[in-house]
Amino acid sequence: MQAKITVTETWLRKHRHLYDGATRHPFIRSIRDGNIDISAFKTWLDYIFVRAFVPFVASVLTKAYKGSDDGNGDVEVILGGVAALHDEISWFKKEAFKWGVQLSSIAPQKANQEYCRFLESLISPEVEYTVTAVAFWAIETIYQESFAHCLEDDSKTPPELKETCQRWGNESFGEYCNSLRNIVDRQLEKASDDVITKAEATLLRVLEHEVDFWNMSHRRT
């Protein structure tokens, strides 16, 4: 019997062009092809977004506690993401020091500010758990697929950037992203048409913000 096509699969097929634009962006391809300008990578080391991501993920956890079927393990999966953020923040600080980036002196750029404001808007209690879960899954998955692309056998990723790519492109993180996707599809199966519409719109906003964020680094503007 043919497997049922999930809502997320339908969305990814429908918006493939936008999704590929986020996961195969010129910034990512420049890492994969080995011709990245290191100054662009330094621009990407943006601690401001990471800090804004923490309260957003915490809000997803709170909404999972209140709005999910506890038997499905949503809280445990998302809690794993919350725990990993401490290590991620430490990694950003270490990388910034290695590359001579002064995190305290980073001036927020427009793409970053707009992305952070978008995350803040999703923290509101009025935003449904399903909608915020879609955003969380999309953000994590875009990073995983982007950096996994830089680890493929025919890639020419510079040795000094391999650790960065391994951090998000590894198989374990891919499995985690699949767990988030399963959560999202379970929620969407029982969601109202209105929530599904809002959730799809949120996915598109994430894709747009991710492209703008990569552009910020690639163009260094």
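1. In this predicted model, F136 is a useful place to start. Setting aside residues up to four places away in sequence, F136 is in contact with F53, F56, V57, V60, I78, Y176 and L180. F136 is also among the residues that touch the most other members of the largest nonpolar core, together with W44, F53, F56, I78 and F147. Three of the contacts of F136, namely F53, F56 and I78, are thus on that list as well.

2. The largest nonpolar core has 71 residues. Helix α8, residues 129-149, gives the most to this core, with 12 residues. In soluble globular proteins, nonpolar side chains tend to be buried together. The points below therefore follow α8 and its partners, given that α8 is the main contributor to the core, before turning to residues elsewhere.

3. Helices α8 and α10 come within 9 Å of each other, axis to axis, and cross at roughly 155 degrees. An angle over 145 degrees counts as roughly antiparallel, so α8 is roughly antiparallel to α10. The crossing is left-handed. On the α8 side the contact is made by Y129, T130, A133, V134, F136, W137, E140, T141 and Q144. On the α10 side the residues are F173, G174, Y176, C177, L180, R181, I183, V184, Q187 and L188. By class, this contact holds 12 nonpolar, 5 polar and 2 charged residues.

4. Two polar residues of α8 deserve a remark. T130 lies in helix α8 and is buried, with a relative accessible area of 7%. Apart from neighbours within four places in sequence, T130 is in contact with Q187, L188 and V195. Of these, Q187 and L188 belong to the α10 side of the contact between α8 and α10.

5. Q144 is also found in α8. Its relative accessible area is 13%, and the limit for buried is under 20%, so Q144 counts as buried. Beyond four places in sequence, Q144 is in contact with W168, G169, N170, F173, G174 and C177. The C-alpha atoms of Q144 and T23 are separated by 8.6 Å, although these residues are 121 apart along the chain.

6. T23 also takes part in the packing of helix α2 on α8. Helix α2, residues 16-23, and α8 pack at an angle of about 65 degrees, with their axes 8 Å apart. Y19, A22 and T23 of α2 meet T141, I142, E145 and S146 of α8. The residues of this contact divide into 3 nonpolar, 3 polar and 1 charged. T141 of α8 appears here and in the contact with α10.

7. Helix α10, residues 171-189, also packs against helix α6, residues 74-99, at an angle of about 140 degrees and with the axes 10 Å apart. That angle makes α6 oblique to α10. α6 passes α10 in a left-handed crossing. D74, V77, I78 and G81 in α6 meet Y176, S179, L180, I183, R186 and Q187 in α10. By class, the contact has 5 nonpolar, 3 polar and 2 charged residues. I78, Y176 and L180 from this contact are also contacts of F136.

8. L12 is placed in helix α1, residues 7-14. At 7% relative accessibility, L12 counts as buried. Leaving out residues up to four places away, L12 touches Y19, W137 and R181. Y19 belongs to the α2 side of the contact with α8, while W137 and R181 take part in the contact between α8 and α10. The C-alpha atoms of L12 and L203, 191 residues apart along the chain, are separated by 9.7 Å.

9. E200 is a charged residue in helix α11, residues 193-219. E200 is nevertheless buried, with a relative accessible area of 15%. Its contacts beyond four places in sequence are W11, K14 and H15. The C-alpha atoms of E200 and V134, 66 residues apart along the chain, are separated by 8.1 Å.

10. P108 lies in the loop between α6 and α7. Unlike the residues in points 8 and 9, P108 is partly exposed, with a relative accessible area of 44%. P108 touches I48 and Q113, not counting residues up to four places away in sequence. The C-alpha atoms of P108 and F49 are separated by 9.2 Å, with their positions 59 residues apart along the chain.

Methods: Residues are numbered from 1 along each chain as its sequence is written. This is a predicted model: local features need pLDDT of at least 70, side-chain atom pairs count only at pLDDT 80 or more; totals for chains, interfaces and linings use all residues. Side-chain values use heavy atoms; hydrogens and water are left out. A nonpolar core is a set of buried Ala, Val, Leu, Ile, Met, Phe, Trp, Tyr and Cys residues joined through side-chain atoms within 4.5 Å. Buried means under 20% relative accessible area, exposed over 50%, partly exposed in between (1.4 Å probe, protein chains only). Helices (H or I, at least four residues) and strands (E, at least two) are DSSP runs, numbered from the N terminus. Contact means heavy atoms within 4.5 Å. Axes are lines fitted to C-alpha atoms, for helices over the stretch in contact, and angles run from 0 to 180 degrees between N-to-C directions. Angles under 35 degrees count as roughly parallel, over 145 as roughly antiparallel, 65 to 115 as roughly perpendicular and the rest as oblique. A crossing is left-handed if the near helix is turned anticlockwise from the far one by less than a right angle, and right-handed if clockwise.
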